[in-house]
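Thanks for making the time this morning. I would like to walk you through one part of this structure and then say a few words about its interior, so please have the sequence and the coordinates open as I go.

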Amino acid sequence: MAPSASDPAVGDASTLNPEVTLRFLAAPTDVGHSGSVDAGTVLEWVDKAAYAAAVGWAKTYCVTAYVGNIHFADPVNVGDLVEVTATIVYTGRSSMHIRTVVSSGDPKGGTPTMRSDCLVIFVAVGADGRPVEVPSFMPRTEAERQAEALAVARIAVRNEIVESMRQQEYTDAGTSERVVLRFLAAPTDVNWGGKVHGGTVMKWIDEAAYVCSARYCGRDTVAVFSGGVRFYRPLLIGDVVEVEARLVYTGNKGMHIAVHVRSGSPRGHELELTTYCLTVMVARDEAGAAIPIEPWVPVSDEDRRLWNHARELLEIRGRAPGNRLPNHLLAANGPS
């Protein structure tokens with residue numbers, strides 16, 4: 001039986017460390033198609049650091065439940081000294097909300113530059129796979145109280161995003177750019193609980209979004225944002241995996257790609273939804289600057305519905321503390 005917050009083996013929350021920092025060099029094997037470290041690899045790092053913080057706090061196995069809005073600012077380059085700091089900022093009964101910051105810089109010295117920042121939610125589970133109680137995090141400093149308040153304020157926005165995404169239906173009636181990757185989940189994808197790493201799943205999402213966006217615009221693309229990454233069920237080693245990426249919206253430069261990950265036994269015929277998210281990709285010029293892309297014009301009723309859904313998500317996120325609406329959303333007119 002897994003320990004709970006009241007188990008003496010867990011200890012008083014005041015004795016637990018809410019923060020974990022991983023430090024390592026970005027290796028040549030981390031380079032992606034962009035020439036720097038891909039967003040998918042950064043998301044793997046985020047998941048590992050947040051997992052370490054969650055397990056250290058809960059003292060039991062934990063699973064990724066949600067990854068909030070993550071903006072990829074400047075790229076991480078090979079040879080950079082990378083720091084990934086995961087800090088628990090709020091706890092529910094069995095959940096831990098973890099702010100995760102990725103920074104990197106010259107290993108010879110200097111102050112690391114922040115490359116990305118997001119909120120990851122892990123849930124503590126027992127041997128039977130059911131959620132178990134975790135020690136309550138009690139902020140002690142003003143900075144911790146502000147971080148907790150920000151996490152709490154985002155709960156309503158996150159629930160609204162999840163509900164909006166849940167209501168959407170994706171069928172063959174869509175006419176936009178679409179790709180499907182299929183493969184078996186390999187033993188090398190396994191995490192400490194015997195299932196596929198949440199970070200590995202997010203790397204697959206980035207790869208599918210890259211193929212979809214690159215086909216649409218005819219150029220190399222990189223992720224600048226990933227949001228609403230919701231994990232619905234575990235993905236098992238040996239499962240057949242299907243990663244479907246579909247263009248649903250374009251801004252001035254961004255291509256909004258909806259990605260669904262489905263999985264199931266190779267002995268069966270049905271695949272179940274594992275993960276869903278929306279990723280924004282941009283094309284870059286030779287200097288690495290984002291460039292405008294050809295606007296996508298919805299054709300079918302489903303196209304228009306998903307186009308409006310993507311705009312609704314932008315508007316919901318714009319209401320979150322510290323966020324704002326993108327400029328193009330204020331000026332653009334939607335399709336009829």
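Let me begin with strand 11, residues 272-284, where ten of the 13 residues are buried, so this strand is largely enclosed by the rest of the structure. I should say at once that what we are looking at is a predicted model, and everything I describe should be taken in that light.

What does strand 11 pair with? Taking its partners in turn, strand 10, which covers residues 255-264, pairs with strand 11 in the antiparallel sense over nine bridges, and within that pairing H260 has Y276 in strand 11 as its bridge partner. Strand 8, residues 221-231, also runs antiparallel to strand 11 and is joined to it by eight bridges; there, if you want a residue pair to locate on screen, V222 is partnered with V282 of strand 11.

The remaining pairing I want to mention is with strand 12, residues 290-291, which is antiparallel to strand 11 and joined to it by two bridges, with R284 standing opposite A290 in strand 12. These two strands form a hairpin with five residues between them, and G288, in the turn, has a positive phi of about 90°.

Turning now to the interior, the largest nonpolar core has 87 residues, and the members that touch the most others are W45, M96, I98, F122 and I257. The element that gives the most to this core is helix 1, residues 39-58, with twelve residues.

Terms used
Residues numbered from 1 in each chain as written. Predicted model: local features only at pLDDT ≥ 70, side-chain atom pairs only at ≥ 80, totals over all residues. Heavy atoms only, no water. Buried < 20%, exposed > 50% of the residue type's maximum accessible area, 1.4 Å probe, protein only. Helix = DSSP H or I, 4+ residues; strand = E, 2+ residues; numbered from the N terminus. Pairing = 2+ DSSP bridges. Core = buried A, V, L, I, M, F, W, Y, C linked by side-chain atoms within 4.5 Å.
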